Amino acid sequence: MNATINTFVLVLASIFPVVNPPGSALVFLGLTRGATPEIRAVLARRIALNSFVLLVCSFLLGALILQFYGISIPILRVAGGFIVAVSGWKLLNEGSKKELEAPAGGVPRTNLLDQAFYPLTLPLTTGPGSMAVVISIGLSEATVTGPAERLIFVIASVVAIAVLALTILLCFSYADRSQRILGPGGTDIAVRLSAFILFCLGLQILWSGGSELLRSVL
C-alpha cells in the first residue's frame with residue numbers, strides 16, 4: 001500500500017507543475033474568447049480526455065515509439081519547447097482580447113471544436129514537457145522488480161494521470177467564473193501573466209533539450 005501511495009504521489013507531483021491546470025485554464029480562457037459557455041464545456045471535456053489518453057499512451061508506449069522513429073527525448077523537448085514558446089509569445093501580445101472572426105450571420109469562422117486536440121491539448125495543456133516526464137517515469141518501470149510490483153506501479157501511475165485529467169476538467173470548466181471574478185482588466189492581466197509563464201516554460205523546455213544535445217556533441 002505504501003508503494004502504491006508513494007508512486008501515485010510521485011507521478012502526480014512530477015506532472016502537475018508542468019501541466020499547471022490553473023494557469024493553463026487562463027490560457028484556455030484567452031484562446032476561447034468569444035465562445036459560448038456550452039462550447040467551452042465541451043472543449044473542457046475533450047481536452048481533459050485527450051490529455052488523459054495522451055499521457056497514458058506516452059507513459060505506456062512513449063519510449064517504444066520514440067525508439068521506433070529514432071527520436072530522442074532532447075529532440076522532443078527542443079521541438080515542443082519551440083511550439084510552446086511561440087504560442088505563449090503570441091498569446092502574450094494578444095492578451096485576453098482575442099476575438100473570433102465571425103461572418104455576418106454570427107457563426108464563428110474558426111471552429112474551436114476542431115482545435116480541441118491541437119493546439120488546445122497539445123502542446124498548450126499537455127505538451128512535450130509533461131510527455132517527457134511521463135516517458136521518463138515509464139522508463140523507470142524497468143527498475144521495479146516482480147510482476148506484482150510492476151502492475152501496482154502502472155495502476156498507481158494511471159490513477160495519478162486520471163486525477164490530473166479531472167483537475168484539468170474542473171479548472172477549464174470553471175475558467176469563465178474566474179473571468180467574472182477578476183473582471184475584464186484583471187482577466188487580461190492574469191492571461192498575460194500566464195502567457196508569459198507559458199513562454200518562459202517553452203524556453204526552459206527548449207533549453208533543457210538543447211543543453212542535452214550540446215552535451216552529447218561536446
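## Bent helices, a small cavity and a pocket in a predicted helical model

Leaving out residues up to four places away in sequence, A195 touches V27, G88, L91 and L92. The model described here is a predicted one, and A195 has its place in helix α7. Because its relative accessibility is 0%, A195 counts as buried. The C-alpha atoms of A195 and S157 lie 29 Å apart in space, with the two positions 38 residues apart in sequence terms. F196 is likewise found in helix α7, but F196 is partly exposed, since its relative accessible area is 44% and so falls between the limits of 20% for buried and 50% for exposed. From F196 to T121 the C-alpha distance is 18 Å, and the two residues are 75 apart in sequence.

### Two helices that bend

Where does α7 bend, and by how much? The bend is about 115° and falls at G183, with a proline, P184, following within four residues. A straight helix of 43 residues would span 63 Å at 1.5 Å a residue, whereas the end C-alpha atoms of α7 are only 44 Å apart. Helix α3, which comprises residues 37-69, also falls short of its straight span, reaching only 41 Å between its end C-alpha atoms where a straight helix of 33 residues would span 48 Å. The kink in α3 is of about 70° and is centred on L61. After α3 comes G70, whose phi is positive, near 70°.

| Helix | Straight span | Span in the model |
|---|---|---|
| α3 | 48 Å | 41 Å |
| α7 | 63 Å | 44 Å |

### Two buried serines

S58 is placed in helix α3, and S130 in helix α5. Are these serines buried or exposed? With a relative accessibility of 6%, S58 counts as buried, because the limit for that class is under 20%. S130 counts as buried as well, because its relative accessibility is 1%. Setting aside neighbours within four places in sequence, S58 is in contact with A63, M131, V134 and I135. For S130, not counting residues up to four places away in sequence, the residues touched are I15, V18, V19 and L55.

### Cavity and pocket

A search of the whole structure finds 1 cavity of 30 Å³ or more, and the volume of the largest cavity is about 30 Å³. Which residues line the largest cavity? Its lining is made up of S24, V27, F28, L31, L120, L124, T125 and F172. Helix α2, residues 21-31, provides the largest share of that lining, with 4 residues. By class, the lining of the largest cavity has 6 nonpolar and 2 polar residues, and no charged ones. V27, named here in the cavity lining, is also among the residues that A195 touches.

The second largest pocket has a volume of about 230 Å³. It is lined by 21 residues, of which V18, V19, S24, L198 and L201 are the closest to its centre. At least two lining residues of this pocket come from each of α1 (2-19), α2, α5 (128-139) and α7 (175-217), and α7 gives the most, with 6 residues. The lining of the second largest pocket divides into 13 nonpolar and 8 polar residues, again with no charged residue. S24 belongs to the lining of the largest cavity and is one of the residues closest to the centre of the second largest pocket. V18 and V19, which are also listed as closest to that centre, are touched by S130.

### Backbone geometry in the loops

Most residues other than glycine have a negative phi, and most peptide bonds are trans. Against that background, N20, in the loop between α1 and α2, has a positive phi near 50° although it is not a glycine. N20 is partly exposed, because its relative accessible area of 30% lies between the limits of 20% and 50%. Cis peptide bonds occur between Y118 and P119, where omega is about 10°, and between L122 and P123, where omega is about 15°. P119 is found in the loop between α4 (73-94) and α5, and P123 has its place in the loop between α4 and α5 as well.

Definitions and conventions
Residues numbered from 1 in each chain as written. Predicted model: local features only at pLDDT ≥ 70, side-chain atom pairs only at ≥ 80, totals over all residues. Heavy atoms only, no water. Expected span 1.5 Å × (residues − 1). Bend = angle between axes of the 7 residues up to and from the residue. 1 Å grid on protein atoms, 1.4 Å probe; cavity = no way out; pocket = protein on both sides within 12 Å on 5 of 7 lines; lining within 4 Å. Points joined across faces, edges and corners; volume = space filled by probe spheres on them. Nonpolar A, V, L, I, M, F, W, Y, C, P; charged D, E, K, R; others polar. Buried < 20%, exposed > 50% of the residue type's maximum accessible area, 1.4 Å probe, protein only. Contact = heavy atoms within 4.5 Å.
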